[in-house]
Amino acid sequence: MTAAAPGACGRFVDAALRLWRGLPAAVRWAGVAAAMAFLWWSSSRSPTPSPYDPLRAYLGNFAHFVAYFGLGLAAWLALPPSTPARRLGAVAWGLAVAYGVVDEWHQATVPGRTPSAVDLVTDALGAAFAVWFARARLAGGPPDWRTGATLALAGAASAALATFGPG
């Protein structure tokens with residue numbers, strides 16, 4: 001499948017990604033550290049009691065996909081641009097998933113929070129989507145839209161399992 005010519009939004013995204021990639025490595029890695037700090041802060045908060053709202057619960061679980069997309073993309077962009085795309089993807093994904101393990105462990109220490117393997121799967125899918133996105137936007141060549149759609153749908157399904165699944 002070939003990609004259509006990018007519109008104004010696509011060109012803006014490409015320019016922003018190239019701009020970020022051109023910043024000094026310390027600044028790029030500060031973005032990774034900021035993403036991790038935000039995730040740590042988010043998972044440190046005890047939930048406030050409220051009536052069950054399935055949509056709110058689902059969006060909270062899907063936020064794992066979005067957050068780890070951000071962490072995976074930040075990691076991709078922090079790595080040296082001269083690194084081969086396949087290695088960039090593996091390292092960025094691995095870093096995000098390893099942090100997801102740390103985050104789930106951390107949640108075990110927060111009152112009202114519990115670690116979840118399904119959350120970790122959603123984290124991993126978000127990071128994988130970031131790798132797909134970065135390859136599609138920065139590594140050249142037409143993106144494989146089926147892979148991107150599959151990752152996004154799997155992330156949505158994983159969030160649904162976390163929300164509505166057994167347990």
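Of the contacts in the protein between residues at least 6 apart in sequence, what share joins residues at least 24 apart? The share is 79%, where contact means heavy atoms within 4.5 Å.

This is a predicted model, in which local features need pLDDT of at least 70, side-chain atom pairs count only at pLDDT 80 or more, and totals for chains, interfaces and linings use all residues. Residues are numbered from 1 along each chain as its sequence is written, and side-chain values use heavy atoms, with hydrogens and water left out.

**Figure 1. The whole protein, helix by helix.** Let us start with the overall fold: the protein has 6 helices and 0 strands, so named from DSSP runs numbered from the N terminus (helices are H or I, at least four residues; strands are E, at least two). Read from the N terminus, the order is α-α-α-α-α-α. Along the principal axes, the C-alpha atoms occupy a box of roughly 45 × 35 × 25 Å. The radius of gyration is 17 Å, which agrees with the value near 15 Å for a compact globule of 167 residues; this radius is taken over C-alpha atoms, and the globule rule is 2.2 Å times the number of residues to the power 0.38.

**Figure 2. Surface and charge.** Carbon and sulfur atoms hold 71% of the accessible surface of about 9,400 Å², an area from the Shrake-Rupley method with a 1.4 Å probe, for which only the protein chains shown count as cover for residues. Buried residues account for 35% of the 167; buried means under 20% relative accessible area, exposed over 50%, and partly exposed in between (1.4 Å probe, protein chains only). The 12 positive and 7 negative charges have mean positions 12 Å apart. Lys and Arg count as positive and Asp and Glu as negative, without His and the chain ends, and each charge is placed at NZ of Lys, CZ of Arg, CG of Asp or CD of Glu.

**Figure 3. The salt bridge between D14 and R137.** The whole structure contains 2 salt bridges, each a side-chain nitrogen of Lys or Arg within 4 Å of a carboxyl oxygen of Asp or Glu. In the pair shown here, the closest N and O atoms of D14 and R137 are 2.7 Å apart. This pair ties together distant parts of the chain, with D14 in helix α1 (residues 8–21) and R137 in helix α5 (residues 117–138), 123 residues apart. D14 is buried at 11% relative accessible area, whereas R137 is partly exposed at 25%.

**Figure 4. The salt bridge between D144 and R146.** Here the N to O distance is 3.9 Å. D144 is partly exposed, at 36% relative accessible area, and R146 is exposed, at 59%.

**Figure 5. D119 and N61, two buried residues in contact.** D119, in helix α5, is buried yet has no salt bridge; R113, its nearest side chain of opposite charge, is 6.1 Å away. Beyond four places in sequence, D119 touches N61, H64, E104 and A162. N61 belongs to helix α3 (residues 54–78) and is buried at 15% relative accessible area. With the same sequence neighbours set aside, N61 is in contact with D119, T122, A159, A162 and T163.

**Figure 6. W40 and its surroundings.** W40 sits in helix α2 (residues 25–44) and is partly exposed, at 34% relative accessible area. Beyond four places in sequence, its contacts are Y99, V102, W105 and H106. The C-alpha atoms of W40 and P166 are 27 Å apart, with their positions 126 residues apart along the chain.
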